[in-house]
Structures are given as C-alpha cells and as structure tokens.
Amino acid sequence: MTRAPQQTGTVRIASLSRLPAFFALDGKRAVVVGGSAAATWKAELLSAAGARVEVFAAEPSEDMLALADIPPNGDVIIQRRNWSAVDLAGAAIAVADCPSDKAAAQFAAAARSAGVPVNVIDRPAFCDFSFGAIVNRSPLVIGISTEGAAPVFGQAIRAKIEALIPQGFARWAAAALEWRPRLRALALSFRARRTFWESFTARAMAAPDCAPDAAELDRLLAEAPRAGGSVALVGAGPGDPELLTLRAVRALQSADVILFDDLVSTDILDFARREAKKMLVGKTGHAPSCRQDDINALMVALAKSGRTVVRLKGGDPMLFGRADEEIAACRAAGIPIDVVPGITTAQGAAGRLLVSLTRRGEARRVQYITGHGRSEHGRGGELPADIDWRTLADPSVTTVVYMPTKTLPALVDAALKAGLGPNTAAVAVASATRADQRVIAAPIADLPARLAAEPLSGPVVVMIGRVFSDYLQKTTSNPVVPPGDVRLAQ
C-alpha cells in the first residue's frame with residue numbers, strides 16, 4: 001500500500017497571556033502623569049527609547065527634576081500642573097501614577113478616547129500594555145513579563161539573563177543593524193542569508209567583546225553560499241525534543257522544506273521556522289506508506305529548485321533509515337548532502353530504563369537487527385532470512401530489534417531453537433523517551449504473548465539480553481508501576 005507525500009497544516013502557537021511587542025518611540029511624544037519615583041523611572045525609560053517626554057506633575061520629585069536636566073536620550077519636559085484630556089492628543093504612549101482606581105479609570109478612559117495606548121503604574125486592570133523587566137544590550141533588547149503576577153520573579157530572571165549576555169553583544173547587535181541593508185541589496189538566497197547570520201552569531205558568541213568591523217563583514221560574506229539547494233538527513237532522536245542535538249536544531253531552523261516520517265514526534269517540528277513547508281512522507285511498517293523512489297524524487301526536485309531540504313527521520317538516519325538510498329539519489333543528481341546524527345531509539349530507551357547496554361562482565365557487544373524484511377514487488381514485512389541466529393542466542397550479546405511487532409513470534413521461536421535461553425530478560429518499549437512511553441518487561445519466551453495481549457501503539461523496539469535481568473527482577477517484584485507506565489510480567 002502506498003500514499004503520496006502530503007503537506008501538513010501550520011502548527012499554531014500556544015496561547016499568550018501578553019503579546020510581547022516593542023514600541024518605536026524615537027522622536028515621538030510620550031505623556032507621563034505624576035512626579036513620583038515610579039513615574040520618574042517610566043519617564044527615564046521612555047526618554048531612553050528616544051521619546052520626547054512631557055510630564056504633568058504639580059509637585060515633581062527631585063529625581064524627576066534631575067532627569068529633566070540630564071535625560072538619557074529624548075527631552076523630558078515638565079509641566080507643573082495636573083493633566084487634562086487635551087494633553088493626550090497626538091501622544092504615542094501615555095503612562096500615569098494614579099492615587100486611586102477612580103483616578104486610574106479616568107486617565108485610562110481619556111487616553112483610550114484619544115487613541116493612545118495606556119499604562120497605569122501598578123494597576124494592571126487599567127493597562128493596555130506593561131513594561132516588564134528589561135535586559136538592555138541595545139539594539140538587542142530583551143523584555144520579561146509575568147503579567148504583573150510576580151515582579152520579583154521577573155527581576156530574578158532578568159538577573160540570570162544579564163549574567164549570561166555579555167555587554168559586548170550591544171556592538172554586535174549594532175553591527176547587524178548596520179549591515180542588514182547591505183546584505184539585502186546583495187539579493188542572496190535564503191540559505192545564503194541564513195548561513196551568513198549563523199556565522200555572524202557564532203563569531204559574536206566566540207568573541208563578544210571584539211568590535212566587528214568591515215573586514216569581519218567581508219569574511220562572513222565570503223563564507224555564505226551563493227546559490228543552489230541542498231539536502232540534510234537529520235536524526236530527530238527517539239521522540240523527546242530535549243534529546244535533539246544543537247546541530248539538528250540549526251538544520252531545522254535553516255530549512256525551507258522538511259520531509260518527515262510518521263515516527264517523528266510532532267514536538268520536534270516546533271523547532272523549525274514557521275515559514276518552512278512541512279511534508280509528511282511517512283514510511284510505517286504494515287500500513288500505507290510513501291514509496292522510497294517517490295521520496296527520493298521529491299527530495300531531489302526540491303533541492304534542484306534551490307530549496308534547503310531537511311529529511312527528518314526518527315532516531316538516527318544511518319540506522320535502518322534507508323539513508324544510503326537517499327544519499328545515492330542526491331549524489332546522482334549532484335545535490336550537496338549532509339548527515340546530522342541523532343540519538344538512537346535504543347540509546348534513548350536504555351537511558352530511560354537506567355540500563356547500560358554494555359554492562360561490564362555481562363555484554364561484550366551490542367547488535368542492532370531489524371525484524372522487518374525488505375519489501376519486494378509491493379510485498380514484504382516478513383522476518384529477514386539472513387539473521388545470524390547464533391549471535392542472537394549468544395548470552396554475552398545485547399540485541400536490539402527494530403520494527404519487531406509483526407514478526408516477533410517467529411523471531412523468538414527461531415532464536416529459542418538456536419539456543420537463546422527462554423528466561424533471558426527482554427523489554428519492549430513503545431514511544432521511547434516520550435511522555436506516553438510504555439514498557440512491557442518479560443522473559444523473552446513470554447514476550448510475544450504479552451504483546452499480543454497488550455498491544456503497544458507507536459514506534460516499538462525490543463531489547464534482549466542479560467543486562468536487563470536486574471531490571472526485570474526488580475520491577476517484577478515491585479507492585480508499584482514505575483514512571484512511563486511500565487507493564488510487567490507476572
């Protein structure tokens with residue numbers, strides 16, 4: 001059974017308590033009402049952003065007067081009187097420190113009638129926007145909001161970020177602002193622009209205190225590819241998005257098109273650009289699947305059109321992922337191709353079970369086999385004919401079986417006949433490392449019947465070997481089901 005590749009719908013963002021937005025206030029008029037310390041701080045922020053700040057306060061504080069004498073950027077003009085509605089006309093933003101809810105309601109209503117966004121200090125019910133905590137590496141500016149629920153928490157987060165971000169990043173951000181028009185004029189491809197900014201970021205991270213200059217710009221431009229598409233085979237890992245490698249994240253964020261399998265966790269796709277096309281080219285055992293030739297042709301065609309293509313595979317692309325066929329197709333078409341390794345399902349599952357696959361004194365080697373034979377003429381899915389049963393029966397080997405569900409009874413029967421001990425510990429893990437992970441642990445002779453009685457959904461891997469003996473014994477004797485919904489042999 002076959003199916004055609006299909007583009008998935010756009011993944012929508014989760015709900016936001018506040019929309020993070022940044023006002024452009026340079027040269028614009030801002031109104032501040034009140035002469036208190038809190039009002040002074042808001043006037044200072046508005047001036048620092050370039051606004052011409054008009055303060056209405058019958059009795060301004062000494063701090064407010066000092067601010068008017070030496071503003072950080074835009075002028076601060078003090079009107080020694082109370083505000084009136086006409087004062088709000090033409091303002092870009094309005095802030096007030098009000099003594100009561102009644103006064104706050106009057107000010108908010110007047111500002112909104114004038115079409116001016118309003119903030120009433122420490123009275124969120126009357127605010128159209130909030131300031132939050134700020135990390136200033138201008139033009140790199142970071143705002144932090146807790147929706148007024150925990151300002152101290154927000155300040156603590158700001159302190160953490162301040163410690164992480166060098167002051168020198170301000171120079172790099174300023175260089176980015178200056179260089180962007182020149183980069184745009186070069187009409188580079190998306191891939192080239194992305195490569196440029198990735199190299200820019202790497203340089204900034206490595207040498208934040210070095211001032212970037214024109215020579216640095218020329219070096220970065222020389223590294224940017226000028227044209228042509230490419231393909232990257234990227235390992236998505238077993239499912240937990242936190243197991244993605246940094247290189248995999250960078251590849252996803254650079255992609256124009258992502259061709260992904262059914263076994264890839266949808267959470268992984270959240271790391272991609274929202275503008276990237278995401279196409280399901282699923283290959284699921286014993287279910288309708290896209291033909292490998294069709295996937296190869298689509299991948300090559302997209303790259304030939306100049307796209308940056310990511311072929312996203314569960315686990316590691318070089319392990320039972322048909323990577324050799326896709327690499328050959330790209331090479332034959334002259335398409336540049338790269339491979340980004342991923343955490344294998346076996347590694348992820350063993351890590352969650354806290355079992356070493358190569359425990360000293362118990363396992364001399366690990367072998368990966370597939371329980372799913374190669375399809376021929378539209379048929380397949382039978383037990384492979386070339387399994388080395390002698391090595392599978394070796395008690396010093398840990399065996400990992402991929403795609404085991406349909407053929408496991410035949411595999412176990414043949415392994416037992418070859419000398420595998422019937423009481424050898426085994427585990428079947430479904431959706432390894434994900435929130436819905438399930439595990440069935442049993443002696444290998446009993447495992448097929450257990451899986452028939454309790455079918456596992458999602459990608460399944462079976463692991464066999466005496467390294468799992470302690471795990472099986474411990475969990476079988478413990479009536480409490482451990483995390484991950486582990487199902488045990490009785």
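## Helix α8 and two lone cysteines

Let's start with helix α8, which covers residues 246–254: Ala248, Val249, Ala251, Leu252 and Ser254 are buried there. Keep in mind that this is a predicted model. An α-helix has 3.6 residues a turn, so residues three or four places apart point the same way.

What do the buried residues of α8 pack against? One partner is another helix, α6 (190–206). The others are the strands β9 (230–235), β10 (257–260), β12 (308–313) and β13 (337–340).

Now zoom in on serine 254, which sits in helix α8. Its relative accessible area is 12%, so serine 254 counts as buried, the cut-off being under 20%. The serine 254 side chain reaches back to the backbone oxygen of arginine 250, at 2.9 Å. If you skip the neighbours within four places in sequence, serine 254 is in contact with Phe190, Arg194, Glu198 and Thr308.

On to the cysteines. How many disulfides does the structure hold? The count is 0. Here are two cysteines to look at:

| Cysteine | Closest cysteine sulfur | Relative accessible area |
|---|---|---|
| Cysteine 290 | in cysteine 330, 17 Å | 1%, buried |
| Cysteine 330 | in cysteine 290, 17 Å | 0%, buried |

Why is there no bond between cysteine 290 and cysteine 330? The sulfur of cysteine 290 has its closest cysteine sulfur 17 Å away, in cysteine 330, and that is too far for a bond. A disulfide needs the two sulfur atoms within 2.5 Å. Both side of this pair are tucked away from the surface in the sense used here: cysteine 290 is buried, and cysteine 330 is buried too.

Technical notes:
Residues are numbered from 1 along each chain as its sequence is written. This is a predicted model: local features need pLDDT of at least 70, side-chain atom pairs count only at pLDDT 80 or more; totals for chains, interfaces and linings use all residues. Side-chain values use heavy atoms; hydrogens and water are left out. Buried means under 20% relative accessible area, exposed over 50%, partly exposed in between (1.4 Å probe, protein chains only). Helices (H or I, at least four residues) and strands (E, at least two) are DSSP runs, numbered from the N terminus. Contact means heavy atoms within 4.5 Å. A polar contact is a pair of N or O atoms within 3.5 Å; within protein, one must be able to donate a hydrogen and the other to accept it, and residues adjacent in sequence count only if both atoms are side-chain atoms.
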